[in-house]
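Here is a protein model to look at together. Have the sequence and the 3D view side by side, and let's walk through what the atoms tell us.

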Amino acid sequence: MRRQFPIVRMVSGDSAGKQVAGVAAAASALGLGALAAWDLAQRKHSILRNYPVAGHARFLLESIRPEIQQYFIERNWDGRPFNRDTRTTIYERAKGTHSEHAFGTERDVNRPGYEALMHSNRPIANPARPPRVRIGGDECTQPYDISLLNVSAMSFGSLSDNAVRALNKGAAMGGFAHDTGEGSISPYHREHGGDLIWELGTAYFGARTPEGRFDPEVFAEKAKDPQVKMVSLKLSQGAKPGIGGVLPGPKVTEEIAEIRGIPVGKTCISPPGHSVFSTPIELLQFVRRMRELSGGKPAGFKLCVGSRTEFLSIVKAMVETEILPDFIIVDGSEGGTGAAPLEFEDNVGLPLTQGLMIVHNALVGAGLRKKIKVGASGKIATGTDIVKRLIQGADFTNSARAMMMAVGCIQAQVCHTGKCPVGVATQNPRRARAIDVPDKSERVKNYHDAVVAEAARLMASMGASSPEDLEPTMLRRNVSESDSWSYARIYDWLKPGELLEDAPEEWAEDWSTARADSFTIPHGHSR
């Protein structure tokens with residue numbers, strides 16, 4: 001009996017296991033049957049009605065497609081919006097590690113559209129750090145010296161509190177500027193004292209009356225704060241030029257309401273256009289008013305360029321009134337952190353290269369370029385991007401998405417859902433706590449310093465000791481697989497005052513059509 005007893009226990013255990021397995025199988029079969037019945041009865045998904053149970057595999061695979069695409073399918077150089085090589089470079093520079101690559105370029109350097117910077121046979125051996133750019137015209141009493149690279153406009157509300165803290169502390173540590181975005185100045189922008197550019201949008205958040213109009217007294221009180229170095233009026237942005245935005249009532253928390261000056265729990269609409277001006281002359285008058293209310297700080301505006309004639313209308317207003325902005329920031333239609341309908345992201349506005357060169361040349365042609373500084377904002381991520389934009393007409397650059405990556409963004413492209421996996425673009429406290437502010441702010445500083453240093457090294461390799469030495473001949477583009485032309489040949493570059501004296505044929509019609517007293521353009525004349 002003693003020898004048989006263990007055998008009896010083993011058989012008994014095996015039987016119990018089979019019973020458990022049988023129950024589990026029955027439960028699974030019952031569950032699948034119930035799921036199949038639900039799939040057949042529901043009317044929302046055609047796939048599930050025709051392929052019950054099995055059809056769910058399609059939705060599962062679709063949900064993980066972006067991750068599979070990003071991590072396993074896309075090549076190092078062809079991902080969008082930022083390819084893997086660029087993302088890796090940002091991460092490595094933010095961490096302070098190497099960002100070199102071995103074994104040669106993976107790019108097809110012969111394809112049409114490929115661009116290259118022209119090095120010199122007499123490069124500069126020890127490049128100095130590029131000087132800061134002084135912004136402030138004749139009417140500005142508190143000019144600001146801005147870095148070649150700064151944090152572009154991103155609002156608290158779009159970004160989490162910890163992301164804003166990290167960006168601003170990094171800006172304070174590295175000595176560069178942090179644009180608040182149109183969501184106003186939050187306590188998280190102020191916590192570490194980094195230099196601020198206060199951006200004012202069409203809803204005038206942070207400086208509005210209860211009716212949504214501009215409130216000059218509130219604006220003046222905040223704009224005179226020593227931490228605010230410049231004030232900027234947003235006409236349009238690259239992600240969604242020509243439209244406003246809607247902040248649903250449930251997202252208007254007490255904190256957001258207090259910061260933006262809007263009622264708690266009520267849907268807030270940002271209109272597509274401004275109520276403080278309706279003509280180019282009135283636009284410039286308001287920019288001057290912003291400068292005066294801020295105590296003489298640099299004042300300007302940001303836009304994504306659309307019609308060239310409309311921008312020339314603003315330039316004509318400058319010539320006629322002699323009212324000049326201290327700076328103009330050009331945003332590219334390549335988009336940014338702002339979520340927008342696909343139609344606007346893909347089809348509205350001019351790319352940064354075209355918009356930037358229109359603004360630069362228009363100001364040169366009107367004899368105003370030396371009096372107004374121009375910033376470039378749009379997919380600035382590497383030293384190459386900075387140098388290219390300087391050649392195309394910019395004085396300084398701003399970056400949004402690359403700065404987000406320095407904080408930890410992994411390009412999940414779910415910014416508008418509140419489900420950012422790393423806590424950057426969300427208002428969910430549990431997700432936002434993933435950001436360690438001391439560590440991420442150090443990464444923001446490291447990234448900025450490394451990219452500006454690389455821009456200086458690139459310029460030195462081209463024989464340029466400063467941005468002023470850069471010329472259009474130093475940037476070339478393949479126009480075919482066998483021909484490469486410089487920017488000096490591809491584009492028309494106006495001479496100082498040329499529009500005022502004898503506008504060249506390519507610009508003459510637009511310049512004559514533009515009106516300082518109206519944005520309205522006769523049908524068929526806008527370019």
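Two residues are in contact when heavy atoms of theirs lie within 4.5 Å. With that in hand, take the contacts in the protein chain between residues at least 6 apart in sequence: 69% of them join residues at least 24 apart.

A word on where this comes from: this is a predicted model, in which local features need pLDDT of at least 70 and side-chain atom pairs count only at pLDDT 80 or more, while totals for chains, interfaces and linings use all residues. Residues are numbered from 1 along each chain as its sequence is written, and side-chain values use heavy atoms, with hydrogens and water left out.

**The whole chain**

The protein chain has 20 helices and 15 strands. Helices (H or I, at least four residues) and strands (E, at least two) are DSSP runs, numbered from the N terminus. Taken along the principal axes, the C-alpha atoms fill a box of roughly 115 × 60 × 50 Å. There are 527 residues, and buried ones make up 47% of them. Here buried means under 20% relative accessible area, exposed means over 50%, and partly exposed is in between, using a 1.4 Å probe and protein chains only.

**The largest pocket**

A pocket is found on a 1 Å grid over the protein atoms alone: a cavity is a set of points where a 1.4 Å probe fits but cannot get out, whereas a pocket is an open set with protein on both sides within 12 Å along at least five of seven lines, and lining residues have an atom within 4 Å of a point. Grid points are joined across faces, edges and corners, and a volume is the space filled by probe spheres set on the points.

The largest pocket holds about 1,800 Å³ of space. Its lining counts 41 residues, and N83, T86, R107, T384 and K388 are the ones nearest its centre. Elements that give two or more residues to this lining are α5 (84-95), β1 (115-117), α14 (383-392) and α17 (437-461). Which element gives the largest share of the lining? That's α14, with six residues.

Sorted by class, the lining of the largest pocket has eleven nonpolar, 14 polar and 16 charged residues. For this sorting, Ala, Val, Leu, Ile, Met, Phe, Trp, Tyr, Cys and Pro count as nonpolar, Asp, Glu, Lys and Arg as charged, and the others, Gly among them, as polar.

**Two helices that pack**

Two packed helices are described by the angle between their axes and the distance between the axes. Axes are lines fitted to C-alpha atoms, for helices over the stretch in contact, and angles run from 0 to 180 degrees between N-to-C directions. Helix α8 (residues 216-223) and helix α10 (residues 280-293) pack at about 55 degrees, their axes 8 Å apart. That angle makes α8 oblique to α10; under 35 degrees would count as roughly parallel, over 145 as roughly antiparallel, 65 to 115 as roughly perpendicular, and the rest is oblique. On the α8 side, P216, F219 and A220 meet R289, M290 and L293 of α10. By class, the residues of this contact are five nonpolar, no polar and one charged.

**A few residues up close**

Try finding these in the 3D view.

| Residue | Where it sits | Relative accessibility |
|---|---|---|
| D85 | helix α5 | 17%, buried |
| S155 | loop between β4 (149-151) and α6 (161-174) | 10%, buried |
| K240 | loop between β7 (228-234) and β8 (245-247) | 17%, buried |
| E322 | loop between α11 (308-321) and β11 (327-331) | 64%, exposed |
| E468 | loop between α17 and β14 (475-478) | 65%, exposed |

What does S155 touch, not counting residues up to four places away in sequence? The answer is T180, G181, E182, G183 and R260. On that same basis, D85 touches N76, W77, H101 and E106. D85 and E106 are 21 residues apart in sequence, with their C-alpha atoms 9.8 Å apart in space.

K240 is in contact with A339, A340 and F344, leaving aside its neighbours within four places in sequence. From K240 to E343 it's 103 residues along the sequence and 9.1 Å in space, C-alpha to C-alpha. For E468 and G265, 203 residues apart along the chain, the C-alpha atoms are separated by 51 Å.

Last, a backbone detail. Most residues other than glycine have a negative phi, and most peptide bonds are trans. E322 is not a glycine, yet has a positive phi of about 60 degrees. Q413, also not a glycine, has a positive phi of about 60 degrees, and lies in the loop between α15 (401-407) and α16 (429-432).
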